[in-house]
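Biologist: Before we begin, please show me the structure. I shall then ask about its parts in turn.

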Amino acid sequence: MLAYEKLLLENKAWAKEQNETDPTFFKRLAAQQAPEFLWIGCSDSRVPADKITGTEPGEIFVHRNIANLVVNTDINLLSVLQYAVEVLKVKHIIVCGHYGCGGVKAAMTQHHFGIINHWLKNIKDIYRLHREEVDALPTEAERVDKLIELNVKEQVFNLAKTSIIQSAWKNEQRPHLHGWVYGLSDGIIKPVYEMAAGSHIDPLYEYDNL
Ligand code: CO
């Protein structure tokens with residue numbers, strides 16, 4: 001059997017089992033989705049949003065990219081964010097990074113990786129802003145982990161700076177923003193930062209006509 005054929009077989013088995021445990025499962029989900037959470041995570045294959053949080057189909061709206069970045073010119077991320085906030089009306093947005101993130105590691109080197117440099121530059125900027133704090137740590141692994149935590153925090157800030165979030169905070173007192181980091185070696189998620197709906201950031205980002 002070819003490797004990809006196994007995926008299709010597994011899919012059939014999963015659908016059958018799902019149907020047996022809950023005969024209304026597919027009918028219900030096909031009719032609508034009402035997730036409470038938007039997950040912005042790393043594309044890394046070892047960090048599957050639903051598996052590590054024990055959530056079922058329909059519970060989490062997911063966006064993933066390399067190193068879980070919120071970039072204000074990324075039309076893909078912004079479209080997901082707008083839909084999740086304005087249509088699905090999610091109550092929580094979780095930015096979840098992970099220790100040992102290859103994207104963050106790469107951004108800390110001087111190696112040229114091609115087009116991905118443009119993406120990783122966002123992480124280099126965070127490293128530059130926190131260089132003293134990060135470089136004070138004794139080992140490379142600790143420095144990488146620290147930047148991974150700082151990156152998650154910065155992405156929560158980037159969410160808060162968008163007019164999508166500012167507007168929802170002002171008019172609907174949601175969503176709450178969370179910065180988490182998942183541990184590849186123990187499977188545990190560590191919350192590292194939180195921003196309640198309506199939190200104040202620099203007034204420069206608080207638009208007066210939303
Ligand atoms: Co990663």
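Modeller: In this predicted model, the buried residues of helix H9 pack against several elements, among them helix H4 (75-87) and helix H8 (140-160). The strands in this packing are S3, S4 (176-182) and S5 (189-195).

Biologist: Which residues of helix H9 (residues 163-172) are buried?

Modeller: A residue counts as buried under 20% relative accessible area. In H9, the residues listed as buried are Ile164, Ile165, Gln166, Ala168 and Trp169.

Biologist: Which residue follows H9, and what is its phi?

Modeller: The residue after H9 is glutamine 173. Its phi is positive, near 50°.

Biologist: Which protein atoms are the donors of the cobalt ion?

Modeller: The donors lie 2.0 to 2.3 Å from the ion, and in sequence their residues are spaced C-x55-H-x2-C. Within this set, cysteine 42 in strand S1 (residues 37-42) and histidine 98 in strand S3 (residues 92-98) link distant parts of the chain, 56 residues apart. The protein donors are Cys42 (SG), His98 (NE2) and Cys101 (SG).

Biologist: Is histidine 98 buried or exposed?

Modeller: Buried means under 20% relative accessible area. Cysteine 42 has 7% and is buried. Histidine 98 has 0% relative accessibility, so histidine 98 counts as buried.

Biologist: How does leucine 2 count in terms of relative accessibility, and which patch does leucine 2 belong to?

Modeller: Leucine 2 lies in the segment before helix H1 (3-21). At 48% relative accessibility, leucine 2 counts as partly exposed. The nonpolar surface patch, with about 450 Å² of accessible area together, is formed by Leu2, Tyr4, Leu7 and Leu8.

Key. Residues numbered from 1 in each chain as written. Predicted model: local features only at pLDDT ≥ 70, side-chain atom pairs only at ≥ 80, totals over all residues. Heavy atoms only, no water. Donors = N, O, S within 2.8 Å, 3.2 Å for Na, K, Ca; no water. Helix = DSSP H or I, 4+ residues; strand = E, 2+ residues; numbered from the N terminus. Buried < 20%, exposed > 50% of the residue type's maximum accessible area, 1.4 Å probe, protein only. Contact = heavy atoms within 4.5 Å. Patch = residues over 30% accessible without salt bridge, like charges linked within 9 Å, V, L, I, M, F, W, Y side chains within 5 Å. Areas by Shrake-Rupley, 256 points an atom, 1.4 Å probe, with all protein chains shown as cover. Salt bridge = Lys/Arg side-chain N within 4 Å of Asp/Glu carboxyl O.
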